[in-house]
Amino acid sequence: MAVNRDTPLRFIKGVGEATGNKLAKLGLITAGDLIEFFPRRYEYRDELYLLADAPLGDPCATVLTVCSAPSLRYGNKNISYVKVNACDQSGTATLTFFNQPWMEKSLVYGRKFRVWGKVERYGYSFQISSPEIEPYSEDLPKVLPIYPLTKGVNQQLIRRLVKAVEACIEEEHNPIPPEIIQAQGLMERNAAVRALHFPQNRESVEKAKRSLAFEELILFQLALRRVRGSVNRGLATAMSYKDTGIGKFFTALPFSLTNAQERVVKEVFADLCRETPMCRMVQGDVGCGKTVIAAAAMAFAVKNGLQCAMMAPTEILANQHFITLGKLFEGFGIELALLTGSTSAKEKRRIKSGLSEGSIQAVVGTNAIIQKDVEYKNLGLVITDEQHRFGVLQRAALADKSTIRQPHSLVMSATPIPRSLSLILYGDMDISIIDSLPPGRQVIETRCVGEEKRQAVYDFINKQIAKGRQAYIICPLVEDGEGTADDKKSVESYKALFAKALPNVSALCLHGRMKGKEKDEVMSAFERGEASVLISTTVVEVGVNVPNATVMLIENAECFGLSQLHQLRGRVGRGDHKSFCIMLTDKASARLEVLCETTDGFKIAEADLAARGPGDFFGARQSGDARFAHASSADIPLIETTRNLAASLEKHPSPVLEEAVRRYLGGLGSENIFN
Ligand code: ADP
Ligand code: MG
């Protein structure tokens with residue numbers, strides 16, 4: 001049978017229905033899927049070590065000659081052990097094989113084997129447990145690809161299937177122009193794919209990886225430019241200070257702006273007065289006062305006769321913004337609406353027609369405001385809050401909403417991001433930083449404690465509650481069985497535990513599996529003080545504001561990233577009362593100490609990046625457009641290179657590259673836009 005990329009794997013000889021289903025668990029349906037399914041790592045069995053030089057802790061290949069008679073013994077539960085001594089010129093190792101009694105027969109005195117395993121050293125003697133052995137010869141396979149597996153699918157099966165579909169590697173075109181391949185010392189796509197599935201040596205594997213990473217980054221950069229390009233093509237409406245009375249907005253504020261806020265307002269207003277669409281991000285720690293910047297920009301737009309939209313990642317946050325903005329706009333005559341998933345059908349209709357005829361000037365909402373059926377009369381400014389939750393493409397979708405002219409776009413992020421990452425995520429955005437907090441803001445006392453302090457922590461919470469305060473308790477999971485049996489990890493079982501520890505304290509639960517409406521009810525009940533404790537997953541992380549809450553207790557703090565912990569900490573200390581953040585963890589961790597030492601979000605972000613690497617920086621779900629199959633977002637030089645190249649490639653479009661970018665954008669998909 002002629003195999004092409006679309007051939008279902010289950011039609012391949014020797015596969016069938018059952019195996020096909022198992023492969024599907026790995027996302028492998030067609031031959032093409034398999035071609036794009038790359039080894040997780042490689043075993044370089046051609047790099048031979050002497051026992052004495054073997055790296056400690058990592059498996060490696062040695063060539064050993066059997067130098068004793070093997071012994072077969074049986075231990076508890078009838079487990080068999082075959083032990084034998086084998087040596088090279090540098091020493092002798094004892095090899096142990098568990099439950100492979102037949103090994104006794106193969107391990108003939110004087111026979112030479114290539115041995116793959118972790119060499120452990122005890123004084124002058126070496127040991128290798130459960131090695132893999134092959135009778136030594138010159139033409140043993142040299143490098144083994146190791147694929148991710150699932151139950152019922154082993155390496156042999158994957159390797160055999162890859163071999164069976166090998167021919168369809170060639171169906172793909174190479175999207176990168178050959179001059180660039182040459183100049184950058186890369187491999188053509190097909191050669192690289194081949195080199196990864198049928199590895200020859202470390203050098204070619206590395207080169208192939210680099211080639212695919214390069215291609216991925218080029219496509220990403222081009223896609224980014226495409227999205228931005230569509231944003232930047234149309235002219236924006238230039239606004240003007242004339243006759244807007246915008247000064248009134250500032251004089252009516254209950255506080256005066258900090259220097260940092262004033263600087264950022266100036267930067268934003270200057271952008272708004274241009275015809276080039278603003279594409280600016282305001283970065284600033286939790287509580288630094290970004291909302292008022294957004295409000296000022298919105299007021300400015302409305303007074304210039306334009307509509308504006310503000311998108312928040314959750315309903316809770318959208319509601320809060322609606323209330324806050326309502327207050328800030330008081331007496332300023334702005335018609336503001338709230339549009340979320342749980343807005344009633346009737347209200348939705350009212351808002352939609354108000355937006356399309358222009359009687360509603362500003363709207364706050366979740367991604368409901370970028371759905372296809374929402375039309376704006378003259379959208380002039382789009383604000384997205386808590387940026388990292390939205391992908392590049394979502395921003396583009398919102399920008400696309402404006403019919404003739406492009407709206408200005410302002411993005412608010414409470415996650416200070418190391419420069420290296422912001423380069424990837426926000427490419428050519430302008431960045432404004434609010435680097436100081438409003439005056440009088442208290443420092444949240446932060447402690448990292450072990451399990452032995454649990455009772456003391458509960459007593460402390462109890463005292464705070466007796467004073468009329470409230471507390472958050474954060475658990476990593478919604479329910480048990482998400483890969484753990486630890487009942488302190490899940491919101492649901494924690495509640496029972498907590499009820500025993502502090503029976504007189506009222507507690508509510510909140511987690512991401514609840515419906516939007518349910519969540520909002522719990523949140524507002526907590527805001528109204530109807531419960532003293534809120535047991536929650538990280539859904540409270542974003543923007544929630546309960547000034548009366550003074551304790552943030554984080555269970556299993558080691559499960560969270562530093563930036564995330566910092567965000568959680570920002571939920572308390574919002575009122576006049578002294579506030580506390582307590583991280584409970586069994587695993588004493590130097591990593592968490594950073595939080596006790598500093599409240600500077602940028603410092604914490606750098607430490608987080610250093611500790612966990614960029615892949616985990618935002619957490620798996622949140623990373624969105626930061627996730628690459630081949631590239632690493634830590635490879636700044638490669639990112640810079642591809643960024644510059646993308647700019648020049650755009651000037652010489654090739655149909656193959658064009659198609660690849662289109663596919664790349666398609667792969668990120670509509671699900672990314674509307675999730
Ligand atoms: P974030 O940057 O986390 O979105 P917010 O905009 O919610 O912060 O502001 C946090 C709190 O600080 C709000 O209660 C807000 O009214 C207050 N605030 C903002 N700017 C100032 C200021 N210049 N002086 C005093 N309080 C301020
Ligand atoms: Mg905010």
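# A guided tour, starting at Thr258

Select Thr258 to begin: with a relative accessible area of 10%, Thr258 is buried, because the cut-off for buried is under 20%. Keep in mind as you go that this is a predicted model. Look at the backbone on either side and you will see that Thr258 belongs to the loop between α8 and α9. Now show what surrounds this residue. Setting aside residues up to four places away in sequence, Thr258 touches Ser436, Leu437, Pro438 and Pro439.

**Into helix α9**

Next, colour residues 259-272, which form helix α9, and pick out Glu267 within that helix. Is Glu267 buried or exposed? Neither word fits fully: Glu267 is partly exposed, at 25% relative accessible area. Beyond the residues within four places in sequence, Glu267 has contacts with Arg280 and Ser432. Try a distance label here: Glu267 and Arg280 are 13 residues apart along the chain, and their C-alpha atoms are separated by 9.2 Å.

**The ligand site**

Now select ligand 1 and display what lies around it. Which residues come nearest to ligand 1? They are Gln261, Gly287, Lys290, Thr291 and Arg441, out of 15 residues around the ligand. Colour that shell by class and you will find 5 nonpolar, 6 polar and 4 charged residues.

Zoom in on the oxygen atoms of ligand 1, where three polar contacts are worth labelling:

- Thr291: an N or O atom in its side chain is 2.6 Å from a ligand oxygen.
- Lys290: here too an N or O atom of the side chain is involved, 2.7 Å from an oxygen of ligand 1.
- Gly289: in this case a polar backbone atom lies 3.1 Å from a ligand oxygen.

How much of the ligand does the protein cover? On its own, ligand 1 exposes 560 Å², and the protein buries 73% of that area.

**Cysteines**

Move on to Cys288, which is buried, with a relative accessibility of 0%. Then look for disulfides. A disulfide is a covalent bond between the sulfur atoms of two cysteines. How many does the structure hold? The count is 0. Cys448 makes a good example: the nearest cysteine sulfur belongs to Cys596 and is 5.5 Å away, so Cys448 is in no disulfide, given that the sulfur atoms would have to be within 2.5 Å. Switch on the surface and you will see that Cys448 is partly exposed, at 24% relative accessible area.

**Arg114 and its surroundings**

Travel towards the start of the chain and select strand β7, residues 112-122, where Arg114 has its place. Arg114 counts as buried, at 5% relative accessibility. Show its side chain, then find two backbone oxygens that a polar atom of that side chain approaches. The backbone oxygen of Pro141 is 2.7 Å from such an atom, and the backbone oxygen of Arg45 is 3.3 Å from one. Leaving out neighbours within four places in sequence, the contacts of Arg114 include Asp46, Leu48, Ala61, Thr62, Glu132 and Tyr136.

**Two residues with positive phi**

Most residues other than glycine have a negative phi. Two stops go the other way. Select Ser130, in the loop between β8 (125-129) and β9 (132-135); its phi is near 45°, a positive value. Ser130 is partly exposed, with 41% relative accessible area.

Then go to Asp243, in the loop between α7 (202-233) and α8 (246-251). Asp243 has a positive phi of about 55° although it is not a glycine. With a relative accessible area of 79%, Asp243 is exposed.

**An enclosed helix**

Now select residues 562-569, helix α18. Why is this helix largely enclosed by the rest of the structure? Because 8 of its 8 residues are buried. Among them are Leu562, His566 and Arg569.

**Stepping back**

Finally, zoom out to the whole protein chain. Its backbone contains 23 helices and 23 strands. Of its 675 residues, 52% count as buried. With the surface displayed, you are looking at an accessible area of about 31,000 Å², 51% of it belonging to carbon and sulfur atoms. Contacts also link distant parts of the sequence: among those between residues at least 6 apart, 74% join residues at least 24 apart.

Terms used
Residues numbered from 1 in each chain as written. Chains lettered and ligands numbered in written order. Predicted model: local features only at pLDDT ≥ 70, side-chain atom pairs only at ≥ 80, totals over all residues. Heavy atoms only, no water. Near = heavy atom within 4 Å. Polar contact = N/O pair within 3.5 Å; in protein donor to acceptor, adjacent residues only side chain to side chain. Areas by Shrake-Rupley, 256 points an atom, 1.4 Å probe, with all protein chains shown as cover. Nonpolar A, V, L, I, M, F, W, Y, C, P; charged D, E, K, R; others polar. Buried < 20%, exposed > 50% of the residue type's maximum accessible area, 1.4 Å probe, protein only. Helix = DSSP H or I, 4+ residues; strand = E, 2+ residues; numbered from the N terminus. Contact = heavy atoms within 4.5 Å.
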